[in-house]
Amino acid sequence: MDILFISKYLVVIALIILMLAALRASAYKSTSMGLLGSSVIVNAFALALLIIGGLYNLEFYRDISLALIFFGFVGTVAFAVVLGGDDE
Amino acid sequence: MIEYIQSALLIISAFLIIISAVGVLSLKKDSKNVVYARIHIFGVFDIACIIAMIGLGQYLLAGIYFILAPFIAHAIANAYWKKEDRENNLDLVTVEEVVDDNNPFIHSKEKMQALESENSEKLKADERFSVTMLDIDEGE
């Protein structure tokens, strides 16, 4: 079996473990922790999509991944600005 | 050869991702500044993502993610500091001043303010050296 193929599956398994860890961490009492956990899950999903799209020849997987990373950033920063409020 | 380099990068990134997952779960949730610690640990995941993207040949995505990831971490930490951490833990705002009394060059703020106030003992002591003026009458 190809070593590149195996290493791609290793990364996907590690990403699934990290998504579960981020889900657990986002259940912490603070709102910022939920924001951080959701941001990490979106980025991990974007990377998993990059790997799985290459393996299974999905269409537009790079574009969807780029959109997830970029709009995940925009949403996270917008939510953080609203959460932080105005400067005193 | 390139295949082996790609595999090595992907395996390194998988290792870093698992390390960050274990780190996030192993933090005690009652410990101090746990949110900042978790943001810090997820920084390892960000770098692992960038390494994996380079290993997959997606250099543009890796560059974009390399630029955007610190902004996310800073925005979340700033929001947490401004609205949750500072309001829930008021003792963070007040800074305790530790002054060694044996050090002749460092004095506490209260001591200096007491010295500079108008009714201080230092000013009363200085009255001993006040300047007196003689009035000279030209008629004498």
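Me: Axes are lines fitted to C-alpha atoms, for helices over the stretch in contact, and angles run from 0 to 180 degrees between N-to-C directions. At what angle do H2(A) and H3(A) pack?

Reply: This is a predicted model, where local features need pLDDT of at least 70 and side-chain atom pairs 80 or more, while totals for chains, interfaces and linings use all residues. Residues are numbered from 1 along each chain as its sequence is written, chains are lettered from A and ligands numbered from 1 in written order, and side-chain values use heavy atoms, without hydrogens and water. Helix H2 of chain A spans residues 31-56 and helix H3 of chain A residues 61-84 (DSSP runs of H or I, at least four residues; strands, E, at least two; numbered from the N terminus). Their axes lie 9 Å apart, and the angle is about 175 degrees.

Me: Is H2(A) roughly parallel or antiparallel to H3(A)?

Reply: Angles under 35 degrees count as roughly parallel, over 145 as roughly antiparallel, 65 to 115 as roughly perpendicular and the rest as oblique. With an angle of about 175 degrees, H2(A) and H3(A) are therefore roughly antiparallel.

Me: How many nonpolar residues are in the contact of H2(A) with H3(A)?

Reply: The contact (heavy atoms within 4.5 Å) includes Leu35(A) and Phe45(A) from H2(A), with Leu68(A) and Phe79(A) among those from H3(A). Ala, Val, Leu, Ile, Met, Phe, Trp, Tyr, Cys and Pro count as nonpolar, Asp, Glu, Lys and Arg as charged, and the others, Gly among them, as polar. Nine residues are polar and one is charged, while the nonpolar ones number 13.

Me: Now to chain B: within what distance do the axes of H2(A) and H2(B) come?

Reply: H2(B) covers residues 34-56 and crosses H2(A) at roughly 10 degrees. That angle makes H2(A) and H2(B) roughly parallel. Met33(A) and Leu47(A) are among the H2(A) residues here, and Phe42(B) and Cys49(B) are among those of H2(B). The axes come within 11 Å.

Me: How far apart are the axes of H3(A) and H3(B)?

Reply: H3(B) runs over residues 59-88 and packs against H3(A) at about 20 degrees. H3(A) and H3(B) are therefore roughly parallel. Their axes are apart by 8 Å.

Me: How many residues does the contact take from chain B?

Reply: Chain A and chain B have zero salt bridges between them (Lys or Arg side-chain nitrogen within 4 Å of an Asp or Glu carboxyl oxygen). Chain A gives 45 residues to the contact, and chain B gives 40.
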